[in-house]
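Subject: Structure and notes

Hello,

The structure is below, with the sequence. My notes on what was found follow it.

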Amino acid sequence: MEFDEEYWTARYINHATQWDVGDITTPIKEYVDQLSDKTIKILIPGCGNAHEAAYLHKQGFVNVFIIDISTIPLVNFAKQYPTFPADHIINMDFFQLNDQFDLIIEQTFFCSLPPTERPNYISQMHKLLKDKGHLVGLLFDTTFDHDGPPFGGNEKTYKKLFEPLFNFDVFERCYNSIVPRFGRELFIKLSKK
């Protein structure tokens, strides 16, 4: 199966968006709440309905960019948040993006990609981060009883994948996951090597 624009658009049309919890999740919110520089350039890849971007925007962050391969969530987001800069809403394949960011927020994008794409994801994240940039967010620390997405994994596998290009500033079991994901997430804060 191809997890392309057609696949993800069909998921939105059919309301098959179980990953969407309707708001920013606690771990991401608590991380964002301790950021003081509202001008840092932030990317949220595979943003979907972009609850994280909505929260950042409401908190006064002025340099937030969202990207998704499907137009449906992006159009919905633009309608809901008309003061969010239109040129910060990007409809394209994440792997084609060519820019640089201080911070990239990972929230259910990594797990949407087949495991064979993970090396490409890591390489692209490295390329998109500025020197001293950070990749922050959540990874599933579990396996699933289906072929995915979401695709699961574990700490050992992730460390082996990320280690060549990233330093592990924080890489630990998440203590403040939302209830449905409690005990099944790792919080990461990785810095670009």
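R173 and D141 form a salt bridge, with 2.7 Å between the closest N and O atoms. The pair links distant parts of the chain, as R173 is in strand β6 (residues 166-173) and D141 is in the loop between β5 (129-140) and α6 (155-162), 32 residues apart. R173 is partly exposed at a relative accessible area of 45%, whereas D141 counts as buried at 17%. Please keep in mind that this is a predicted model.

A search of the whole structure finds 6 salt bridges, and two others are worth listing here. In one of them, the side chains of K41 and D99 meet at 2.7 Å, N to O. K41 sits in the loop between α2 (26-33) and β1, and D99 in the loop between β3 and β4 (101-107), so this salt bridge ties together parts that are 58 residues apart in sequence. K41 is buried, with a relative accessible area of 15%; D99 is partly exposed, with 27%.

The other joins E163 to K193, whose closest N and O atoms are 3.1 Å apart. Here E163 belongs to the loop between α6 and β6 and K193 to the segment after β7 (185-192), and the two are 30 residues apart. E163 is partly exposed at 39% relative accessibility, and K193 is partly exposed at 45%.

Next, the strands β1 and β2. They pair in the parallel sense over 4 bridges. Within this pairing, I44 stands opposite I66 and P45 stands opposite I67. In a regular strand the side chains alternate between the two faces of the sheet. In β1 (residues 42-45), I42 and I44 point one way and L43 and P45 the other, and all are buried. In β2, V64, I66 and D68 lie on one side and F65 and I67 on the other, and all are buried. With 5 of the 5 residues of β2 buried, the strand is largely enclosed by the rest of the structure.

What does the side chain of D68 contact by a polar atom? D68 is found in β2 (residues 64-68) and is buried yet has no salt bridge; R11, the nearest side chain of opposite charge, is 11 Å away. A polar atom of the D68 side chain does lie 2.8 Å from the backbone nitrogen of G48. Leaving aside residues up to four places away in sequence, D68 touches Y12, G46, C47, G48, P73, L74, I90, N91 and M92.

Two of those contacts of D68, P73 and L74, are also among the buried residues of helix α4 (residues 71-80), which are P73, L74 and F77. These cover an arc of only 100° around the axis, which puts them on the same side of α4. The elements that cover them include α1 (5-13), α3 (51-58), β2 and β3 (89-91).

Last, S70, in the loop between β2 and α4. S70 counts as buried because its relative accessibility is 0%. S70 caps the N-terminal end of α4, where a side-chain oxygen lies 3.4 Å from the backbone nitrogen of I72. Not counting residues up to four places away in sequence, S70 touches E5, W8, T9, Y12 and N91. Y12 and N91 also appear in the contact list of D68.

Regards

Notes
Residues numbered from 1 in each chain as written. Predicted model: local features only at pLDDT ≥ 70, side-chain atom pairs only at ≥ 80, totals over all residues. Heavy atoms only, no water. Buried < 20%, exposed > 50% of the residue type's maximum accessible area, 1.4 Å probe, protein only. Lys, Arg positive; Asp, Glu negative; His and termini not counted. Salt bridge = Lys/Arg side-chain N within 4 Å of Asp/Glu carboxyl O. Polar contact = N/O pair within 3.5 Å; in protein donor to acceptor, adjacent residues only side chain to side chain. Contact = heavy atoms within 4.5 Å. Arc of directions from axis to C-beta. Pairing = 2+ DSSP bridges.
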